[in-house]
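Trainee: Before I plan any work on this protein, I should like to understand one part of it thoroughly. Could you take me through a single strand and its surroundings, and then show how the remainder of the chain is put together?

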Amino acid sequence: MSQADPLDQDPVFQLKGSMLAITVLELADNDPERLDQQLARKVAQAPNFFSNTPLVLALDKLPQADERFDLAELMSVCRRHGLRTLAIRASHAAHIGAASALDLPVLPPSGARERKIDPHDGEPAKPAAPAEPVYRPSRVVTTPIRGGQQIYAQGGDLIVLAPVSPGAELLADGNIHVYAPLRGRALAGIKGDVNARIFCQQLTAEMVSIAGQYKVAEDIRRDPLWGEAVRIGLSGDVLNITRL
């Protein structure tokens, strides 16, 4: 009988598919070295599985961040194995602060929708008033965005007035406008806004995504509007590419 590999025992993470078709890596321990080893084993088993995979890094099962916690290092480990961190899922203030320092989106913790509201004095609890929308001005970028750069427009639109190189990532809670060639990745409506749109002057992207529904370069190249000025919108679960 073959002996069980110690790296497969008591793993520090679990991989789960999210509702938005983006992989969620759920950490159970803050140990970048073990994470690196276990991801390396996964990649060896399926080399193409992690190739440029959009990722949400879930930290809400970790204890409060200690002196060893280094979000940039965790993201670097993931990137080495083809996982591109788009956002984190967290509840601790230290984790949220680390994400803010890296200009990284923060999603609510797992199970946030399952919290119970107890009635008061036997009467049903009054529904909370809907939160007022927070207006944020569009983020405008006028310089070229190079490979490896990640630009995020939180709570609004992202407007880019320069070329976007392969390997670069554009993220926005709202729409994305690129008045130049788009050769990298563009992810609009990343918090679930199905009405978000992507506009670009020249579509040669590696990936486009709206509210988690995406097309990669292999699919986009087959579209007759490859290389043209286009508008990309979501209809149901299908991304539609139309001429501007």
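Mentor: What follows starts with one strand and then works outward through its neighbours, the cores, the ion pairs and the surface. Please keep in mind that this is a predicted model.

The strand to examine is β3, which spans residues 53-58. Six of its six residues are buried, so β3 is largely enclosed by the rest of the structure. A useful piece of background is that side chains in a regular strand alternate between the two faces of the sheet. In β3, Thr53, Leu55 and Leu57 lie on one side, while Pro54, Val56 and Ala58 lie on the other, and every one of these six residues is buried. Both faces of the strand are therefore covered, where buried stands for a relative accessible area under 20%.

Next come the partners of this strand. β2 and β3 run parallel and are joined by four bridges; in this pairing, leucine 25 has leucine 57 of β3 as its bridge partner. Six bridges connect β3 with β4, again in the parallel sense, and here proline 54 is matched with arginine 84 of β4.

β2 and β4 are also linked through side chains. Arginine 89 and glutamate 26 form a salt bridge, with 2.8 Å between the closest N and O atoms. Because arginine 89 belongs to strand β4 (residues 83-89) and glutamate 26 to strand β2 (residues 23-27), the pair ties together parts that are 63 residues apart in sequence. The two charged partners are buried: arginine 89 has a relative accessible area of 13%, and glutamate 26 has one of 9%.

By the rule applied here, the count of salt bridges is nine. Another of them joins the side chains of arginine 139 and aspartate 103, at 3.0 Å from N to O. Arginine 139 is in strand β6 and aspartate 103 in the loop between α3 and β5, so this contact ties together parts 36 residues apart in sequence. Arginine 139 is partly exposed at 32% relative accessibility, and aspartate 103 is likewise partly exposed, at 33%. The backbone of aspartate 103 deserves attention as well, for its phi is positive, about 55°, although the residue is not a glycine.

A further salt bridge is formed by aspartate 219 and arginine 222, whose closest N and O atoms are 2.8 Å apart. Aspartate 219 is partly exposed, with a relative accessible area of 33%, whereas arginine 222 counts as exposed at 63%. To return to the surroundings of the opening strand, Glu26, Asp60, Lys61 and Arg89 are joined into one network by salt bridges that share partners.

The nonpolar interior can be read against a general tendency: in soluble globular proteins, nonpolar side chains tend to be buried together. The largest nonpolar core here has 31 residues, and those with the most contacts inside it include Leu158, Leu170, Ile176 and Val178. Strand β10 (residues 176-182) supplies the largest share of this core, four residues. Apart from it lies another core, of 19 residues, among them Leu55, Leu59, Leu74 and Ile88. Leu55 is thus one of the residues of β3 that are buried. As for valine 178, leaving aside residues up to four places away in sequence, its contacts include Val160, Leu170 and Phe199.

Phe199 leads to a second set of paired strands. Phenylalanine 199 has arginine 231 in β15 as its bridge partner, within the antiparallel pairing of β12 (residues 198-203) and β15 (residues 230-235), which runs over three bridges. Arginine 231 in turn is matched with threonine 242 of β16; β15 and β16 (residues 238-243) are antiparallel and joined by six bridges. Two residues lie between the strands of this hairpin, where glycine 236 takes a positive phi near 65°. Alanine 211 also has a positive phi, about 50°, although it is not a glycine. Alanine 211 sits in the loop between β13 (207-210) and β14 (213-216) and is buried, at 5% relative accessible area.

Finally, the surface. Val140, Leu161 and Tyr179 make a nonpolar patch of about 290 Å². Valine 140 lies in strand β6 (residues 139-141) and is partly exposed at 47% relative accessibility.

How values were computed:
Residues are numbered from 1 along each chain as its sequence is written. This is a predicted model: local features need pLDDT of at least 70, side-chain atom pairs count only at pLDDT 80 or more; totals for chains, interfaces and linings use all residues. Side-chain values use heavy atoms; hydrogens and water are left out. Patches are made of residues with over 30% relative accessible area and no salt bridge: like charges are joined within 9 Å, nonpolar side chains (Val, Leu, Ile, Met, Phe, Trp, Tyr) within 5 Å. Accessible areas come from the Shrake-Rupley method with a 1.4 Å probe; for residues, only the protein chains shown count as cover. A salt bridge is a side-chain nitrogen of Lys or Arg within 4 Å of a carboxyl oxygen of Asp or Glu. Buried means under 20% relative accessible area, exposed over 50%, partly exposed in between (1.4 Å probe, protein chains only). Two strands pair if DSSP finds at least two bridges between them. A nonpolar core is a set of buried Ala, Val, Leu, Ile, Met, Phe, Trp, Tyr and Cys residues joined through side-chain atoms within 4.5 Å. Contact means heavy atoms within 4.5 Å.
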